[in-house]
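Me: I would like a close look at one part of this model, with whatever helps to place it in the rest of the chain. Could you keep the cut-offs in view as you go?
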Amino acid sequence: MILVSSFTNVVAYIFMTYVILVTTVISNVFQIVLMRPFSLTVYRKVVSFCQYLILSQLSLRFDWWGQSETTFYISDADRLFLGKETAVIVMNHRNSAEHLFCFAIAERLGLLRVALHSPGFRQAVVLFCEQPGSCQADYIKYIPTAGWSLFFNESIFLKWSYEKDRGLIVKQLEELQTYTGVFWLLFYCEGTRFTAERHQTSMEVAQNKGLPELKHHLLPRTKGFTLCARVGKKYIQAFYDVEYHFNNDRPEPTMMDLLKGKAQHVHVYFRTHYEYFERHGRFPEKTYKIPRRPHPLLVFISMSVLLVMPPMKCLCGVILTGSSYMITGVVLGGLLAAIVVFWGEHVGASDFDHHETLDVEGKFRLFWKFDDEKIELEAQVQTTGWVGLGLSPNGGMPRSDIAIGWVKDGTAHLTDRYAEAKAQPRMDESQDWELVSGYENETHTVLRFNRKLTTCDVRDRVINEDTMRLLWAWHDDDPEDESGASGPTYHGVNRGVKSTVLLSNIVTPTIIEEALNFTFDIVMNNNIGIKVRLFLRVQVPVPYDKGTTYWCRVFQLPNITSKHHVIKYEPIITPGNEGVVHHLVIYRCLKDDDMTILPDGDPVNACDPKILRQCPIMMAGWGVGTGTAFSPDHVGYPIGDDDYSGYVMMEMHYDNPQLASGIYDSSGLRLTYTPELRDNEMGVLLVGVGVTKYHFVPPHAEAFVSAGFCSARCLSDFLEELGQPIHIVGANLAIRLLGVKISARVIHNGTETDIAREDNYDYHMQLPRMLKEEITVYPGGLDIKDELCVAIFRYYPKFNLEKCVSIPSLHTTAGFAGIQDFEFDYDTLELNITAPAAMVGMTYEEAIGAVPWTEEKAHTFSDMLLNGNFHTLCEANPKSAVETRLFDDDLPLPRGLRVAPEDVCSGRTAQETTPANPGPTEEDWSGSGAWRPGVFHAAPVMAACLALIYNLVKP
């Protein structure tokens with residue numbers, strides 16, 4: 001099927017190329033004959049018609065054949081004028097492919113359209129300015145087809161000398177005043193295309209002259225641009241600062257890629273934020289989709305019908321009357337053309353599903369794909385020396401599994417290594433990293449390699465669904481030898497570490513009609529309209545008197561009169577605040593006529609309990625390291641239903657450990673919602689250990705296990721109220737700085753199953769986990785610390801249980817500190833000690849602090865908690881008929897049976913076992929991050945219950 005598909009693409013490519021070439025030749029002949037005889041207006045109309053026949057076919061390659069997508073990022077005010085005013089487009093010049101999608105963008109906006117029936121016409125005058133104030137090299141106009149078309153379209157041809165060309169520029173730009181329609185002028189003010197060498201030269205010039213050092217652009221050539229702006233100010237209505245970026249999940253395409261119909265997604269931003277896109281995969285402004293127009297398709301079909309008949313007749317004549325030599329020549333010529341195109345189709349093709357930019361400057365880009373047995377990666381690094389990629393247990397060199405490769409004299413090399421210290425990694429006796437291909441050009445080294453997920457080599461790290469710390473490094477020189485003094489030399493500052501999940505399950509949404517989608521931004525600011533096109537964004541100051549801050553704000557959602565489904569969640573992070581904004585949670589507010597917390601007035605506060613009580617229903621969340629999240633195609637979160645109050649609260653968590661001042665933020669979440677309802681309504685269930693000061697990790701504890709569960713009675717009653725089981729589709733596992741491992745499990749009929757687990761947790765990488773297979777929870781209990789530590793399950797169908805937590809019994813924790821009796825104030829949540837007499841008047845914190853903690857005593861305390869009772873708590877939404885007060889029980893930690901997966905290195909499967917120990921211990925969690933066969937992992941759940949286990953380790 002792949003071969004058939006490729007052959008079809010080759011045939012289509014040859015045919016489309018034939019049509020556009022013949023169309024161009026015919027248009028050029030017609031334009032030569034015309035040559036401005038009488039009326040300039042008539043001439044321009046005819047020329048523009050011919051140009052449209054050509055350019056519309058180029059836009060067809062991008063929009064219709066390749067099915068490429070274009071996302072526009074632009075303010076609401078500027079969008080009103082987009083494509084409706086004569087404007088100068090100032091754009092970055094990085095890739096030859098940009099010429100093609102510029103035609104496609106102009107076509108979508110109607111700027112390539114020719115309206116011969118109107119007094120004027122609309123046309124895109126595309127001036128590719130690659131020199132100060134210039135547009136095309138003088139020699140280009142002598143090139144048949146392309147050059148002639150530019151000449152007839154009144155492009156400016158220069159001799160690369162400002163003094164010689166100044167007069168021509170002024171004359172040509174003044175002549176553009178006679179255009180009676182709207183047009184765009186495209187300027188590349190950098191003066192040339194961006195390359196690494198030119199960028200380095202640009203940085204040196206900037207340093208010498210005290211100019212800004214631009215990371216992603218060359219210094220602009222201002223003389224020619226200033227001249228054009230001054231001459232054109234009589235008719236130019238706007239200047240647009242435009243930035244574009246292709247998706248980060250594949251290499252940047254070439255012009256040939258687009259001509260061959262390779263699908264792309266280009267993001268076009270009408271301002272400048274290149275670095276923001278590198279980090280987030282999107283631009284910060286609101287997105288718009290401008291639909292494709294059918295005009296290019298109609299032009300191509302019409303020209304195809306007109307042009308296909310003569311060659312088909314000729315071909316039939318050759319086959320029917322030609323000699324055997326003639327027939328053989330035609331066949332071989334066709335095959336040769338197909339082979340050339342087919343080869344070009346597959347060289348450098350991007351077939352990866354995942355990507356990550358490892359460094360902040362975008363110089364080390366990693367692409368990968370995987371199956372059940374193997375992972376394949378491709379490193380694209382801006383260097384002509386060696387490249388290194390490592391898998392680290394903790395972000396450091398020791399115990400890391402490392403691959404180092406390079407390309408020398410046209411030959412690619414790859415070595416499998418391991419590190420025992422901060423030194424040159426040693427060669428591994430078992431070379432498990434396999435080189436697939438490699439090459440380098442003037443700026444980059446590209447290496448593709450693969451490895452089994454589990455190699456059974458003690459020097460290799462197991463690649464699983466845990467968070468992986470990726471070590472990256474490079475050097476500008478190739479090594480002389482594989483190891484020793486002539487081996488890879490020290491990388492210097494070209495190194496770093498990046499956390500990611502290599503084996504993540506991506507939800508690829510079905511393309512939905514954009515016209516049916518709506519978006520709403522929930523961000524920490526107010527938008528105040530000034531006149532027509534100026535928007536002032538008011539940001540909130542991040543406190544600098546404490547390291548951790550939780551701020552809340554209530555928002556009024558759009559007035560929706562019917563049910564809609566939220567299907568997409570996009571983070572909007574203020575540029576520069578990526579290290580401050582840690583996570584956020586969106587809560588739905590209750591439908592209450594007495595609602596008094598409105599969004600006007602003070603926009604933020606320290607999460608007043610009154611707001612928390614009025615907005616208790618979790619709706620969505622985002623954590624650091626997370627990108628855009630989609631709901632599965634059969635699931636959507638309901639808004640605008642009977643329970644819709646029109647208000648939500650955003651709880652924002654800021655981390656400012658350096659107590660830096662002067663930080664202002666307007667981050668938040670963009671919700672995409674649609675009236676096209678999905679088959680199932682999604683719910684969000686929060687589980688964990690109740691967040692109180694009575695749950696703590698004692699000092700001197702090298703390892704500490706914290707566990708919790710959701711009461712079986714609670715879960716069963718809500719499922720019975722629903723009348724059917726729920727299906728979990730995704731989970732967010734979140735703990736704070738002390739956490740290193742976490743898992744969520746469910747038990748049904750005595751058998752324990754993982755929902756999600758993370759044995760290599762990174763506080764700075766809270767990636768949502770979409771399950772490969774849904775977990776069903778039938779009618780049939782959960783964990784946390786005094787800082788944030790929760791799990792959020794996304795499931796369907798939605799039921800009335802919102803939160804289900806447990807905490808170790810206060811009698812257990814207080815008794816360990818020697819407290820014999822106490823009274824608990826439920827209003828202040830304070831514990832008042834009444835016995836023994838020596839401790840009366842002490843606070844709970846003072847009593848716990850008086851314990852002579854040691855590592856052994858901390859271990860004993862952990863065992864006591866796991867073997868003691870837990871207090872459980874359920875919270876429901878108001879429309880539930882289930883009485884949650886009945887579930888305030890003290891229950892023991894449930895136990896379950898578990899079948900360990902097959903040990904692939906020994907070929908054996910562990911048998912179902914009964915827990916030999918009363919609960920999980922820190923020994924159960926040791927190892928390299930992979931499951932240890934034969935070791936029982938107790939689950940704090942009963943039949944058909946949910947569970948979380950947190951391992952909290954003191955740093």
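In which sense do strand E26 and strand E30 pair, and over how many bridges?

Reply: Happy to walk through it. This is a predicted model, in which local features need pLDDT of at least 70 and side-chain atom pairs count only at pLDDT 80 or more, while totals for chains, interfaces and linings use all residues. Residues are numbered from 1 along each chain as its sequence is written, and side-chain values use heavy atoms, with hydrogens and water left out.

Strand E26 (residues 581–588) and strand E30 (residues 647–655) are antiparallel partners, joined by seven bridges. Two strands pair here if DSSP finds at least two bridges between them; strands (E, at least two residues) and helices (H or I, at least four) are DSSP runs numbered from the N terminus. One bridge links Tyr-587 with Met-649 of E30.

The two belong to an open sheet of four strands, ordered E24-E30-E26-E27 with antiparallel pairing. At its edges are E24 (548–556) and E27 (617–623), each of which pairs on one side only. From one strand to the next, the twist averages 20°, with axes fitted as lines to C-alpha atoms (for helices, over the stretch in contact) and angles running from 0 to 180 degrees between N-to-C directions. As background, strands of a sheet pair through backbone hydrogen bonds, either parallel or antiparallel.

Another set of strands is worth a look alongside this one. E14 (residues 400–408) pairs antiparallel with E15 over nine bridges, and Ser-400 has Ala-419 of E15 as its bridge partner. Together E14 and E15 make a hairpin with two residues between them. One of the turn residues, Asp-409, has a phi near 55°, positive although the residue is not a glycine. Asp-409 is exposed at 75% relative accessible area, where buried means under 20%, exposed over 50% and partly exposed in between (1.4 Å probe, protein chains only).

E15 (residues 411–419) is itself mostly covered, with seven of its nine residues buried. E15 also runs antiparallel to E16 (residues 426–427), to which two bridges join it; Arg-417 is bridged to Met-427 there. The hairpin connection from E15 to E16 takes six residues.

A few backbone details elsewhere may interest you too. His-700, in the loop between E34 (683–689) and E35 (704–709), has a positive phi of about 70° without being a glycine. With 47% relative accessibility, His-700 counts as partly exposed. The peptide bond from Tyr-796 to Pro-797 is cis, with omega near -15°, and Pro-797 sits in the loop between E40 (790–796) and E41 (801–808). Also cis is the bond from Ala-835 to Pro-836, with omega near 0°; Pro-836 is found between E43 (830–835) and helix H16 (844–849), in the loop.

For a helix, take H14 (residues 712–722), whose buried residues include Ala-712, Leu-715 and Phe-718. Where H14 starts, a side-chain oxygen of Ser-711 comes to within 3.3 Å of the backbone nitrogen of Arg-713. After H14 comes Gly-723, with a positive phi near 90°.

To set all this in context, the chain has 17 helices and 49 strands, and 53% of its 955 residues count as buried.

Conventions: Polar contact = N/O pair within 3.5 Å; in protein donor to acceptor, adjacent residues only side chain to side chain.
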